[in-house]
Amino acid sequence: MTDSSNEFSYLAENWAAVRGRVDAACRDAGRDPAEVSILPVSKTFGPEAVRAAMALGLHRFGENKVQEVRSKAEALAGEPLEWVVIGHLQTNKAKDVARLVSEVQSLDRLELAEVLQRRLEIEDRAIDVLIEVKTSPEESKHGLAPGQLPALLDTLRGYNRLRVRGLMTLAVQSDDPAAVRACFRQLRQLRDAEQARGHDLPRLSMGMSGDFPLAIAEGATEIRVGTAIFGVRHVSNIRHRIE
Ligand SMILES: *Cc1c(COP(=O)(O)O)cnc(C)c1O
């Protein structure tokens, strides 16, 4: 076993730096820093990195692959951890999600909601969900088309195992801050419109390492941060990878 206290000693500094930048972005936006939480994204980093982050008081982690949740949950069995799925979900992963995951932020279609509801009934659990909306034109991005949001939200009222708490998005990858910000603004406006129709959607998950100040300026209540906390994901951290 590696000595995680040494290997991941950089985490404390990174975490403090991100929290400081979030607080500064809140001040710039005239917002209370207590309104914005940070979801650490541990994808591609192994259980020892998660354990080191736990030593900082973190217990809720974002992952984009259910296989990674499963292997880390096994390696860290008994720890008070909450796993949040933020990546595209195939319906054949619903069983593990229902068993292991406390929240899904990437619910993007009715078919997935149906399968999750059924699996959660079997496990006798309920989870929080955010609807992922596609606000950027890139083919590579997932998410529900904005025009389909009202109908999906209305239908999900009948799914008692899925507690819809808000919306999630990934902004366009662009050097133009105005283009990035437009994605975040669209998500907030969609949320506001649906709240006016009677849906309770307090949460807006938007912003990552490279763009979170813009998301905070547009009303993010939580940001999902991987690289700025855990470091760059590349082949040199391959031994922290779960295949
Ligand atoms: C990986 C990932 C993040 C974190 O990205 P960083 O740029 O490393 O902060 C956030 N959201 C989703 C959906 C991701 O897949």
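**Figure 1. Residues around the ligand in the predicted model.** The ligand is surrounded by Lys43, Ile86, Leu170, Met208, Ser209, Arg224, Val225, Gly226, Thr227 and Arg233. Sorted by class, this shell comprises four nonpolar, three polar and three charged residues. Ile86, Leu170, Met208 and Val225 are among the residues of the shell, as are Lys43, Arg224 and Arg233.

**Figure 2. Polar side-chain atoms at the ligand, with Ser209, Arg224 and Thr227.** In the side chain of Ser209, an N or O atom is 2.5 Å from an oxygen atom of the ligand. Arg224 places a polar side-chain atom 2.8 Å from a nitrogen atom of the ligand. For Thr227, a polar side-chain atom lies 2.5 Å from an oxygen atom of the ligand. On its own the ligand has 390 Å² of accessible area, of which the protein covers 91%.

**Figure 3. The pocket of the ligand.** The ligand takes up the space of the largest pocket. Ser209, Arg224 and Thr227 are included among the residues around the ligand.

**Figure 4. The aromatic pair of Phe61 and Trp83.** Three aromatic pairs are present in the structure. One of them, formed by Phe61 and Trp83, is tilted, with a centre-to-centre distance of 6.1 Å and an angle of 40 degrees between the planes. Phe61 belongs to strand β2 (residues 60-63) and Trp83 to strand β3 (residues 82-85); the pair therefore ties together parts that are 22 residues apart in sequence.

Key:
Residues numbered from 1 in each chain as written. Predicted model: local features only at pLDDT ≥ 70, side-chain atom pairs only at ≥ 80, totals over all residues. Heavy atoms only, no water. Near = heavy atom within 4 Å. Polar contact = N/O pair within 3.5 Å; in protein donor to acceptor, adjacent residues only side chain to side chain. Areas by Shrake-Rupley, 256 points an atom, 1.4 Å probe, with all protein chains shown as cover. 1 Å grid on protein atoms, 1.4 Å probe; cavity = no way out; pocket = protein on both sides within 12 Å on 5 of 7 lines; lining within 4 Å. Sits in = over half its atoms within 2 Å of the grid points. Nonpolar A, V, L, I, M, F, W, Y, C, P; charged D, E, K, R; others polar. Phe/Tyr/Trp six-rings, centres within 6.5 Å; stacked < 30°, edge-to-face > 60°. Helix = DSSP H or I, 4+ residues; strand = E, 2+ residues; numbered from the N terminus.
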